Amino acid sequence: MKAEKSPIQSVMAWIRRQPPKVKAFLAVVTAMAVLVFLRVIVHEHDNLFIASEAVHALGIGVLIYKLTKEKTCAGISLKTQELTALFLAVRLYCSFVMEFDLHTLLDSATLVTTLWVIYMIRFKLRPTYMEDKDNYAIYCVVIPCAVISFFIHPSTRHHIINRISWAFCVYLEAVSVLPQLRVMQNTKIVEPFTAHYVFALGIARFLSCAHWILQVLDTRGRLLTALGSGLWPVMVLLSEIVQTFILADFCYYYVQSLMGGQLVLRLPSGVV
């Protein structure tokens, strides 16, 4: 006798049958509903940014558990970890010279743990590193971000180098996960701990994006003026939205796999 599906499983099955345009529409509607929900229950929206960094740190914690307990770094992109360390280091520099606050301490902790992950992959667990799968060219990410930041950056009173550095870390953070997605695209099968880590990144990106969008809505656009003039305010919001949508497709398949009781995530072609 065939077991009855739960309501959630029935909804997920219905969503899977829909064409891509309908799925995209449902994703947008869901995101808007979550934004409305967050706006109602979270009165201090800066807490969303703190929550974003906390979830990112939790994802790093999952990686640390994988590296220490399973003694393997298979499926993890060293290049994404290096890009993460780079934008965190630049952001820390900007925090120290421009605005020291709680985020500086959170970024410091995340940078230290990310550097530890890089050390483990490069030296302790090198034989298990899937170098042939981690084949995304870093210069395709770093150089465009550097060029864009040179032309589009904050128009504050800070030194030009600091303003360009600030823009660079914003742009680089938005695309730093691309090498990890390439690894998953090449392997097609994502083991649980790596999947948990990438899903945590997706949640962190969404919370960060929600923080900026709600701040803009609450200030009725005054926040954009405070960020500076020209294209910079638009690019900040665009970067937040881009990094959220980059991971949205993976997060959908992660939830689908979780609801189906599958420990190993198998990605269809063209997902990431």
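Visitor: What makes the largest share of the lining of the largest cavity?

Guide: That's H3, with 4 residues. Here a helix is a DSSP run of H or I with at least four residues, numbered from the N terminus. Bear in mind that this is a predicted model, where local features need pLDDT of at least 70 and side-chain atom pairs count only at pLDDT 80 or more, while totals for chains, interfaces and linings use all residues. Residues are numbered from 1 along each chain as its sequence is written, and side-chain values use heavy atoms, with hydrogens and water left out.

Visitor: How do you know which residues line the largest cavity?

Guide: A cavity is a set of points on a 1 Å grid over the protein atoms alone where a 1.4 Å probe fits but cannot get out, and a lining residue has an atom within 4 Å of a point. Phe49, Ser52, Glu53, His56, Arg91, Glu173, Ala204, Arg205, Ser208 and Gln243 pass that test. Helix H3 (46-69) and helix H9 (192-218) each bring at least two of the lining residues. The lining splits into 2 nonpolar, 4 polar and 4 charged residues, where Ala, Val, Leu, Ile, Met, Phe, Trp, Tyr, Cys and Pro are nonpolar, Asp, Glu, Lys and Arg are charged, and the others are polar.

Visitor: How many cavities of 30 Å³ or more turn up in a search of the whole structure?

Guide: Just 1, and the largest cavity holds about 90 Å³ of space.

Visitor: Why are H6 and H7 called oblique to each other?

Guide: The axes of H6 (residues 139-151) and H7 (residues 160-175) cross at roughly 140° and come within 8 Å. Angles run from 0 to 180 degrees between N-to-C directions; under 35 counts as roughly parallel, over 145 as roughly antiparallel, 65 to 115 as roughly perpendicular, and the rest as oblique. So H6 and H7 are oblique. In their contact (heavy atoms within 4.5 Å), H6 offers residues including Val141, Cys145 and Phe150, and H7 offers Ile164, Phe168 and Leu172 among others. That contact counts 12 nonpolar, 1 polar and no charged residues.

Visitor: And what makes H4 and H8 roughly antiparallel?

Guide: For H4 (residues 78-98) and H8 (residues 178-187) the crossing is roughly 170°, with the axes coming within 7 Å. That earns the pair the label roughly antiparallel. Lys79, Thr80 and Leu83 of H4 meet Leu178, Pro179 and Gln180 of H8, giving 3 nonpolar, 2 polar and 1 charged residues.

Visitor: What is the hand of the crossing where H4 passes H7?

Guide: Left-handed, a label given if the near helix is turned anticlockwise from the far one by less than a right angle. The axes of H4 and H7 come within 9 Å and cross at roughly 145°. Among the residues in contact are Leu83, Phe87 and Arg91 of H4 and Trp166, Phe168 and Glu173 of H7.

Technical notes: 1 Å grid on protein atoms, 1.4 Å probe; cavity = no way out; pocket = protein on both sides within 12 Å on 5 of 7 lines; lining within 4 Å. Points joined across faces, edges and corners; volume = space filled by probe spheres on them.
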